[in-house]
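Please read the points below with the model open beside them. They are meant for a colleague who has not yet looked at this structure.

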Amino acid sequence: MAVDSGRARDGFHRPAHLRPEDRPGGLRREERTNALRREERTGAVQRREHRAGLRWEERPGGARQERSGGLRRPERQSNALQSTPPAAAPPPAVAKEPVQRTEPVQRTETVERQVVRRRPSPMGATTGRRAGHPERLPSAAARTAAAPVSPAPGPPVPPALVSAQLEAAVEDAVGGAATFVPATKPQEEHLEPARTPRHRARWAWEGRYLRTLLLIDSVIGVLAGLVAFEVRFGSVLTNYNTRYALLSALLPVAFTATLAANRAYEKRYLFVGTDEYQRVLRAGLGLTAATIVGAYAAEIQIARGWFAVALPLVTSGCLVSRFVLRQLLHRARKTRGACMRRVVVVGHGLAVEAMTTQLCRERYHGLKVVGACLAEEGSVPGVPVLGTFDEIAGAVRRARADTVLVLSCPELDGHALRRLAWRLERDDIDLIVASTLIDVAGSRTTIRPVDGLPMLHVEHPTLTGARRVLKAVVDRVGAVVLLVVLSPLLAGLALAVRAESKGPVLFRQVRVGKDGREFVIVKFRTMHTDAEARLAELRHLNEVDGALFKLRNDPRVTRVGRFLRKFSLDELPQLLNVLGGSMSLVGPRPPLPEEVAVYPDDARRRLAVRPGMTGLWQVSGRSDLSWDEAVRLDLQYVENWSLSLDLVIMLRTLSAVTRGAGAY
């Protein structure tokens, strides 16, 4: 077989039967293939030029419109077009001529329509521009509205169904002109600064109160040391008593340090409640015990006269000074509305109304309701409703409040309260959660974790035991001391009662005491001798509800009796009942048997302890209180009794008797 020795174009020899021109019809087939390829390249160039012309001519504004880099989403594009003024009508679109394509041409068209998404730049800037088409950077609105979009996967889209704008955007993306716009973080609502003038005013008076308290405690410590040194050693300084002079100088420092260690300067225990006085007592007892133990361990002799005067004097002086300072604060709150906290109450309508009424009546707590947030839209008498539970933070800012009081409601569970606390923490707003346990003191409640969950444990009230024995001893000792000190006053009052009207000086009446046992109470007579007989004709004039009978201008009361009732002097003979053990210095009001007969089940709880000469009912308004309120206060005393509470009530009794309000 003959072999052609000619060379191919690449320089290698090929057999004759492999050269296309030697094959049958080979040259014609190669020419047709090359022609198709040239036609395909020419058609692609024409199509790009045609699309470019349509892109600049068919857009609103023609060639003057700038390209924005990237493709807008359909919904954003429609919004942008609606917000811009209508432009002149675009020229009619030039129809495309149908192009006959073979299978290879369709495959080439599919390849051209594939868009390769570039990795966005970390700086969010434009990645590139097409040469020959200068353009400005898109505006902020255009960058926000524009976003790179890749075509959806699937079969190739026919050219007749693709808009010119979509083709231009895809070609820009292929050319590298797509702009990456990072997702912007939504800006939070503008918040007012946390330290508003209202907050600064609150912190100012609290700081002044705390500094005044510290100064008074230090002065009392100095005075107690000087008095103890004067009582034991006199005013002459010798070598023997020099160390006691040093101890007297160190007494205020040691006592204030002990108070701080017992957390007696923390704001949560100040202003209201008995926790402050309990911590002062603990500080006094702790300093006394530490002094005794330290002196015994170091074998140091301490003069008993100086010790017995200094420590009790500084403790009692601190208690009295704190009580006086608190009374001044309460009076400023009641009369001038000063030193108050602005409170937004959160809860259901009836609960918010009840809490608002109680806070308005007991203004000494220092909480002024300035608004409310309810579970649903509604109204509360006398309180502006600022929104629902979802608008608490905004309501606090609008009302310029510094405290949020959350009442018990199922909508605000633990997770909701935690999120609310986080939002209020940002503005330094105090959060108070009202417990569903009404009239239960904090000393009876403890929080213990159970499987990671905080559980509130409620202890039973102390109605028996050593503390009750101590209370009985204090009552009898106090009754003896008061009878001795007040004996001249008691004699003068007895003569005045006897001089105005005939009859016995003392009035005896049956009352109900502890556990329902009846006893005879003793008082100065303030009515005429026929007062009991005239009660039936005055029963319809009763001015209080419940089982009590009170008449402000009772015609049965004598002139001396009105004076005695105004200052509660008619109750001084009850010290004899305290001495006998049927009554206590502090306790619930002693009821009449007919009152007990109509008691509801809850009110019978008052009979669990001995009745008292004074109590919460007397220092909170006496006869101005309703029967339900008096029962509530007595039950509160029964549930939360303590020696410190008795001390506070006796101190408050002095101011209540001096004012004479609510006594008739």
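Helices and strands in this note are DSSP runs, a helix (H or I) having at least four residues and a strand (E) at least two, numbered from the N terminus. With that in hand, S568 can be placed in the loop between α16 (559-566) and α17 (575-580). Please keep in mind throughout that this is a predicted model.

1. The largest nonpolar core has 32 residues, and those with the most contacts inside it are Y209, L259 and W306. At least two residues of this core come from each of α6 (197-233), α7 (242-261), α8 (275-298) and α9 (304-335), and α9 gives the most, with 10 residues. Leaving aside residues up to four places away in sequence, Y209 touches L270, F271, L325, R326 and L329. Another core lies apart from this one; it has 25 residues, among them A479, M583, L585 and Y637.

2. Two residues deserve a look at the backbone. Most residues other than glycine have a negative phi. E299, however, has a phi near 55 degrees, which is a positive value in a residue other than glycine, and S568 likewise has a positive phi, near 60 degrees.

3. Is E299 buried or exposed? E299 is found in the loop between α8 and α9, and it counts as exposed because its relative accessibility is 72%, where exposed means over 50%. S568, in the loop between α16 and α17, counts as buried because its relative accessible area is 10%, and buried means under 20%.

4. Side chains of opposite charge can pair when their charged atoms come close. How many salt bridges does a search of the whole structure find? The search finds 19 of them, and the points that follow take up some of these pairs.

5. R322 and D217 form a salt bridge in which the closest N and O atoms are 2.9 Å apart. Since R322 lies in helix α9 and D217 in helix α6, the pair ties together parts that are 105 residues apart in sequence. Both R322 and D217 are buried, and the two helices that hold them, α6 and α9, are among those that each supply at least two residues to the largest nonpolar core.

6. E500 and R559 meet through their side chains in a salt bridge, at 3.7 Å from N to O. E500 belongs to helix α14 (residues 487-500) and R559 to helix α16, so this pair ties together parts that are 59 residues apart in sequence. With a relative accessibility of 27%, E500 counts as partly exposed, whereas R559, at 70%, counts as exposed.

7. A further salt bridge joins D570 and K523, whose closest N and O atoms are 3.8 Å apart. D570 sits in the loop between α16 and α17, while K523 is in strand β9 (residues 518-524), so the pair ties together parts that are 47 residues apart in sequence. D570 is buried, with a relative accessible area of 5%, and K523 also counts as buried, at 17% relative accessibility. The loop that holds D570 is also where S568 lies, so a reader may wish to view these residues together.

8. Which residues are linked in a network of salt bridges? The residues of this network are E206, K267, R341 and D430.

Notes:
Residues numbered from 1 in each chain as written. Predicted model: local features only at pLDDT ≥ 70, side-chain atom pairs only at ≥ 80, totals over all residues. Heavy atoms only, no water. Core = buried A, V, L, I, M, F, W, Y, C linked by side-chain atoms within 4.5 Å. Buried < 20%, exposed > 50% of the residue type's maximum accessible area, 1.4 Å probe, protein only. Contact = heavy atoms within 4.5 Å. Salt bridge = Lys/Arg side-chain N within 4 Å of Asp/Glu carboxyl O.
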